[in-house]
Amino acid sequence: MPVLSAEEHIAAIYDTLFRAWGRQHWWPARTRFEVIVGAYLTQNTNWTNVELALCQLRTAGVLNVGGIRKISRRNLEHLIRSSGYFRQKAQRLKTFVEFLDRKHGGSLTRMFARPTAELREQLLALNGIGPETADSILLYAGQHPVFVVDAYTRRIAGRHGILPEDAKYEDIRTTFEKALAAEMPTVSRTSSVSVGGASHRPSRMSLTARAPLAQAFNEMHGLIVGVGKKYCLKSSPHCEECPLKPLLPEGN
């Protein structure tokens, strides 16, 4: 096949995976605040442990802004213990609610109405929020058109020769954003069918109406996670079975 530019390669990855697996229904959650809590809790742990913690919070009736505001830190630590680093995460959730109250009158709607760049800067200034967490909150809870870069994105980009695996976060993010934006409306698909990858069952948040570009960023991240979990493993990749094998550069 002809040599592809980085932008063409990224668009081909999206097209190949979407045709193979369909919508991924990311992020699985009932509310915007549940997405935010999940973005904090998933740091340095797996999603199974996060789901246990979210279930505990939901059962206790505190999986909402008011609940986190009122619950004692000790009780919050107990409820999210399964997610690991529970003391740090409990304090960070408290810090987020304090920020929401101070800067946005306790309103997620008011917070997400702020311009993307402004809100991203505010989130990054909070203790415990790095670029991946901030962008997850912006994209999955706020429907802002920001691409989320994780370890799977880095690995796939490196192995496909798109960017070095150790490239800066912002370089990877902007490269993927530009590539997907340039290919619109090719990447703006509306099918709700999910047949593989890392797909979840449809949820209230995954079905939220969003602009085509935000939807494309949403789907691309979910599709990349599917490849990373099933095929593009860190130590022993299963390239022969991967849908993206035809796109690998020669010699990889």
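## Cysteines, helix packing and loop residues

A search of the whole structure finds zero disulfides, a disulfide being a pair of cysteine sulfur atoms within 2.5 Å. This is a predicted model, in which local features need pLDDT of at least 70 and side-chain atom pairs count only at pLDDT 80 or more, while totals for chains, interfaces and linings use all residues. Residues are numbered from 1 along each chain as its sequence is written, and side-chain values use heavy atoms, with hydrogens and water left out.

A disulfide is a covalent bond between the sulfur atoms of two cysteines. For Cys242, the closest cysteine sulfur is that of Cys232, at 6.8 Å, which is too far for a bond. Cys242 counts as buried, at 12% relative accessibility. Cys55 is partly exposed, with a relative accessible area of 41%. Here buried means under 20% relative accessible area, exposed means over 50%, and partly exposed lies in between, computed with a 1.4 Å probe on protein chains only.

Helix α11 (residues 169-182) takes part in two helix pairs described here, one with helix α10 (residues 151-159) and one with α1. Helices are DSSP runs of H or I with at least four residues, numbered from the N terminus. Axes are lines fitted to C-alpha atoms, for helices over the stretch in contact, and angles run from 0 to 180 degrees between N-to-C directions.

The axes of α10 and α11 come within 11 Å and cross at roughly 75°. That crossing makes α10 roughly perpendicular to α11, a term used for angles of 65 to 115 degrees. In this pair, Thr153, Arg154 and Ala157 of α10 meet Tyr169, Ile172 and Phe176 of α11, where contact means heavy atoms within 4.5 Å. The residues of this contact are four nonpolar, one polar and one charged. In this classification Ala, Val, Leu, Ile, Met, Phe, Trp, Tyr, Cys and Pro count as nonpolar, Asp, Glu, Lys and Arg as charged, and the others, Gly among them, as polar.

The axes of α1 and α11 come within 8 Å, with a crossing angle of roughly 70°. These two helices are therefore also roughly perpendicular to each other. From α1, the contact involves Glu7, Ile10 and Tyr14, and from α11 it involves Thr175, Phe176, Ala179 and Leu180. By class, the contact of α1 with α11 has five nonpolar, one polar and one charged residues.

The loop between α10 and α11 holds His160. His160 is buried, with a relative accessible area of 6%. Its side chain makes a polar contact with the side chain of His9 at 3.0 Å; a polar contact is a pair of N or O atoms within 3.5 Å, where within protein one must be able to donate a hydrogen and the other to accept it, and residues adjacent in sequence count only if both atoms are side-chain atoms. Leaving aside neighbours within four places in sequence, His160 is in contact with His9, Leu244, Leu247, Leu248 and Pro249.

Other loops contain backbone features. The peptide bond from Trp26 to Trp27 is cis, with omega near -5°, and Trp27 lies in the loop between α1 (6-21) and α2 (32-41). Two residues that are not glycines have a positive phi, as tabulated below.

| Residue | Phi | Loop | Relative accessible area |
|---|---|---|---|
| Asn44 | about 60° | between α2 and α3 (47-59) | 68%, exposed |
| Gln143 | about 65° | between α9 (131-141) and α10 | 17%, buried |

Terms used: Angles under 35 degrees count as roughly parallel, over 145 as roughly antiparallel, 65 to 115 as roughly perpendicular and the rest as oblique.
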